[in-house]
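Here's a quick look at one model, written for someone who likes to know the cut-offs. Have the viewer open as you read.

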Amino acid sequence: MLKISWPQSLSGTVQISGSKNAALPLIACGLFFDHFTLHNVPKIGDVLTFISIIESLGAHIEWNGSTIIMDNSRLSIEHLDRDKIRKIRVGIFLFPALLARFGALEIPYPGGCNIGKRPIDEHLRAFQAYGYENMGEGENIAFQWADHGRDITLRANFAVTATENILMMAAFREWHTTIELAAIEPHVINLIEFLRSLGIRIDINTNHKIDIYGSKNVQKSAEATVICDYIESGTFVILGALTAEPSIRVVWARIGDLTAFLGKCGDAGVRFDLDYEHDTITVYNSCTSLRPTNLQTNIYPWFPTDLQSPFALMLTQAEGISRIHEVLFEWRLNWLIEVEKMKWHIAIMNPHEAMIFGKTHLKWTTVSSWDLRAGVTMILAGMIARGDTLITNVEYIERGYEDIVGKIAKLGGKIENV
Ligand code: EPU
């Protein structure tokens, strides 16, 4: 459980960690190689769970600071830890490399945060298009090699992990794949840049169309670097706007990935300076300048769904009515029910829309984190609630934010594990 006290006055510098959603596909892609080195890997719950699943395949993984060194030379699917796959969404990333290595794979349906329907039909369609027969029954997903390759055109419907899985399937076969309606989130581009560094030609065209000219994997080893997490930096920008005295600096912020977010911050009256050269955002306490703002989440490069809940929290501190429209996930406003305990003034209009009435003095209480992003928002809410806030289910937050408690404490925040 976390305990957060009031009042808060943060200053100093915070360094952003590697991105969860970039690290996971890169780790999975590492399974194509006997030796794989990955830098800037965040030590967070989802990464550690995924790594332990990969270890159950017989991989040997060593940490050196934030670098992992994987030895995959003796992989076998015999002892694959299927129970752990149920806990995270990205078990589905195991298919490209393990199908290439073993010709068949069966796993349980992946888990992950409860933020709405999370179908995997685009993934399954892709595996089939690549010549694998769908043998899955009930709760299991299973594919086995059935026929030979050909040029393929697939629609990813802007789904992030589906685009990443198709990229991995396409990169190491000697055929041409076109992905239409591809996701182009920064973590997708991170994977593309890594594949390009291996000599694979990948063209990103207009209209979210990506062409991959794959080639058989002949390399035994490879090396990649995880980009920093623009969602974490957006979260610290909001934290700074609410609690900095007078400012905090967010370093390795990925300013270029945050255009829509920072635009909305400007609309909402957040005061910040951008230093592109050092990729640093200096954010000033903005409590007296906040304005109500309407927000709609969308696929990249628009406002990210993963920053919707922290932004909504900030809007409780603006005088007037703000509207939130969560386009992607139908349960991603559910967490608002939990913060009613803190006396937020809100109206949930329907599963995708809510109104926030500000300005509110949040009340300290005990709240639970409902999912990763809602959980971190509870921390931010606790930082401005008058009194001691207790947060339960902290393991949700630890899935995606590296040492969040340590980082806030280093800025002078009154936060502790109890
Ligand atoms: N969708 C389909 N079919 C599919 C896949 C997705 O219809 O086969 C739909 C989903 O129902 C959803 C939408 O497409 O409505 C988005 O799904 P997407 O596949 O993009 O989401 P995801 O890959 O499951 C990733 C991130 C999420 C992030 C979303 C949106 C990873 C591991 N996860 O999820 O991150 O919210 O993209 O940007 O990259 C988080 O980090 O807290 C998180 C949930």
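## Backbone oddities

Asn 207 sits in the loop between β11 (201-205) and β12 (209-213); strands here are DSSP E runs of at least two residues, helices are H or I runs of at least four, and both are numbered from the N terminus. Asn 207 isn't a glycine, yet its phi is positive, about 60°. For context, most residues other than glycine have a negative phi, and most peptide bonds are trans.

There are cis peptide bonds to look at too. One links Glu 245 to Pro 246, with omega about 0°, and Pro 246 belongs to strand β14 (residues 244-251). Another joins Gly 358 and Lys 359, with omega about 5°; Lys 359 is in the loop between β20 (353-358) and β21 (366-368).

## Ground rules

This is a predicted model, so to speak with filters on: local features need pLDDT of at least 70, side-chain atom pairs count only at pLDDT 80 or more, and totals for chains, interfaces and linings use all residues. Numbering runs from 1 along each chain as its sequence is written, and side-chain values use heavy atoms, with hydrogens and water left out.

## Around the ligand

The ligand has 23 residues around it (a heavy atom within 4 Å), and Arg 89, Val 160, Thr 161, Asp 306 and Arg 373 come nearest. By class, that shell holds 10 nonpolar, four polar and nine charged residues. Nonpolar covers Ala, Val, Leu, Ile, Met, Phe, Trp, Tyr, Cys and Pro; charged is Asp, Glu, Lys and Arg; the others, Gly among them, are polar.

Which elements give two or more residues to the shell? They are α1 (20-30), α5 (121-129), α6 (160-171) and α12 (372-384), with α5 giving the largest share, three residues. Domain 1 (2-17 + 228-417) and domain 2 (20-225) both contribute to the shell, so the ligand lies between them; the bounds come from an automatic or database domain assignment.

## Polar contacts

Polar contacts are N or O pairs within 3.5 Å. A polar side-chain atom of Arg 89 is 2.7 Å from a ligand oxygen. Polar backbone atoms also pair with ligand oxygens: one of Val 160 at 2.8 Å, and one of Leu 328 at 3.3 Å.

Technical notes
Polar contact = N/O pair within 3.5 Å; in protein donor to acceptor, adjacent residues only side chain to side chain.
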